[in-house]
Amino acid sequence: MSEEKKLLTRREFLVNAGGVAAGVALASAGLGLFVPKAEAEASGLPAYPWLEYFNKPLDVEKVRQLGKDYYSQGVGCAEGAFKALLDVLGEPFNQVPGELLYFGRGGGVGWATLCGAVNGAAAVVSLVYGRNPAGTAIINELFGWYSETALPLWDEAKSVAGNPLCHSSISNWVKASGKKSSERGPRCAQLTGDVAAQAALYMNQTLAGTFVPAYKMSAESESCLSCHKDDTIGKMECKPCHEDAHKR
Ligand code: HEC
Ligand code: HEC
């Protein structure tokens with residue numbers, strides 16, 4: 001029996017047993033996830049997958065505004081982008097707590113890895129499409145778009161990150177704007193909206209059957225990988241981190 005089946009069976013057992021006592025006993029044994037209370041609260045959600053509930057185009061500008069607003073309220077870029085998209089998608093997506101993506105702020109609790117806005121928006125795409133290849137295509141395009149596009153779209157101080165890393169995004173913006181990284185708030189608020197809106201746009205295009213992925217890795221990086229595919233993996237531009245490779 002698969003691991004998933006086993007869990008399900010244990011949960012069904014709990015529901016059938018129905019007794020709060022049984023739930024409490026197991027909860028105290030470290031199985032708190034499966035107490036009947038949580039089961040009852042979650043039962044309002046339809047069975048997953050939820051792709052069929054994304055059946056009308058999203059209001060892209062509303063997503064942009066909400067992303068900016070949520071960021072400005074202090075939830076961070078990842079939760080901001082995540083919640084903006086969930087809100088506009090409506091039921092049942094808006095039943096998922098935004099806090100799921102709170103960790104993503106500052107590229108992962110300030111580690112400046114994957115940009116949280118990208119992370120949060122991609123999480124929604126994953127939730128909508130599940131393991132359907134359409135989701136991967138959208139997320140891949142979003143990562144590529146983010147890497148190549150001067151962001152935020154409507155700001156005077158725009159910068160190109162070159163990859164989907166918070167670190168590159170912030171550092172290049174600091175150079176372009178002459179500001180300090182601690183002053184990034186208004187800029188990251190706009191960027192959060194822009195990234196969430198771009199994901200909404202790709203989802204709308206996919207719904208309409210007009211989505212054509214355009215991002216392509218540079219020929220140079222492809223040539224690097226043609227020799228280095230056993231040493232590493234990735235789709236980011238190699239040069240910004242390996243400027244000096246093969247120069248010695
Ligand atoms: C024709 C094959 C080939 C191509 C193309 C190639 N490499 Fe290499 N690279 C090698 C080999 C072989 C080594 C090992 C050389 C050594 O150990 O000194 C190496 C070593 C490296 C190293 C480790 C040593 C160092 O110099 O820092 C890095 C990093 C690296 N390559 C990055 C790149 C990047 C980035 C590109 C594309 C711009 C690239 N390589 C293109 C064959 C290639
Ligand atoms: C965000 C920065 C970053 C990017 C982008 C990146 N690398 Fe690296 N790479 C590293 C770091 C850090 C290491 C480990 C330390 C080192 O060797 O510099 C590494 C190691 C390597 C090594 C092993 C070097 C050795 O000494 O054996 C190769 C080969 C390599 N990278 C190739 C690539 C290629 C090809 C790309 C583009 C597809 C790429 N890297 C993109 C940061 C990066």
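**Ligand 2 and the aromatic pairs**

Good morning. Let me begin with the surroundings of ligand 2: the residues around this ligand are L165, M217, C224, L225, H228, D231, T232, M236, E237, C238, C241 and H242. Please keep in mind throughout that this is a predicted model. By residue class, the shell around ligand 2 consists of seven nonpolar, three polar and two charged residues.

Which residue is the protein donor of the iron atom of ligand 2? The only one is H242, through its NE2 atom, at 2.0 Å. H242 also has a polar side-chain atom 2.8 Å from a nitrogen atom of ligand 2. As for its place in the chain, H242 belongs to the segment after α10, the helix that covers 219–228.

I turn now to the aromatic residues. How many aromatic pairs does the structure hold? There are four, and I shall describe two of the pairs, beginning with W50 and F93. Their ring centres are 5.5 Å apart and their planes stand at 80°, so this pair is classed as edge-to-face. The pair links distant parts of the chain, with the two positions 43 residues apart in numbering: W50 sits in the loop between α3 (36–42) and α4 (60–72), while F93 sits in the loop between α5 (77–89) and α6 (116–129). Are these two residues buried or exposed? Both W50 and F93 are buried.

The second pair is formed by F54 and Y129. This pair, too, is edge-to-face, with 6.5 Å from centre to centre and 75° between the planes. Why does the pair tie together separate parts of the sequence? F54 lies in the loop between α3 and α4, whereas Y129 is in helix α6, so the pair joins parts that are 75 residues apart in sequence. F54 is buried, with a relative accessible area of 5%. Y129, at 7% relative accessibility, likewise counts as buried.

Returning to W50 and F93, these residues form one aromatic cluster together with Y48. Another aromatic residue, Y102, has a charged neighbour: R105 lies over the face of its ring, at 3.8 Å from the ring centre.

Finally, I would draw your attention to I170. This residue is located in helix α8, which spans residues 166–177. I170 has a relative accessible area of 12%, and a residue under 20% counts as buried, so I170 is buried. Its C-alpha atom is separated by 9.5 Å from that of C115, a residue 55 positions away along the chain.

Thank you for your attention.

Methods. Residues numbered from 1 in each chain as written. Chains lettered and ligands numbered in written order. Predicted model: local features only at pLDDT ≥ 70, side-chain atom pairs only at ≥ 80, totals over all residues. Heavy atoms only, no water. Near = heavy atom within 4 Å. Polar contact = N/O pair within 3.5 Å; in protein donor to acceptor, adjacent residues only side chain to side chain. Nonpolar A, V, L, I, M, F, W, Y, C, P; charged D, E, K, R; others polar. Donors = N, O, S within 2.8 Å, 3.2 Å for Na, K, Ca; no water. Helix = DSSP H or I, 4+ residues; strand = E, 2+ residues; numbered from the N terminus. Phe/Tyr/Trp six-rings, centres within 6.5 Å; stacked < 30°, edge-to-face > 60°. Buried < 20%, exposed > 50% of the residue type's maximum accessible area, 1.4 Å probe, protein only. Lys NZ or Arg CZ within 6 Å of the ring centre and 35° of its normal.
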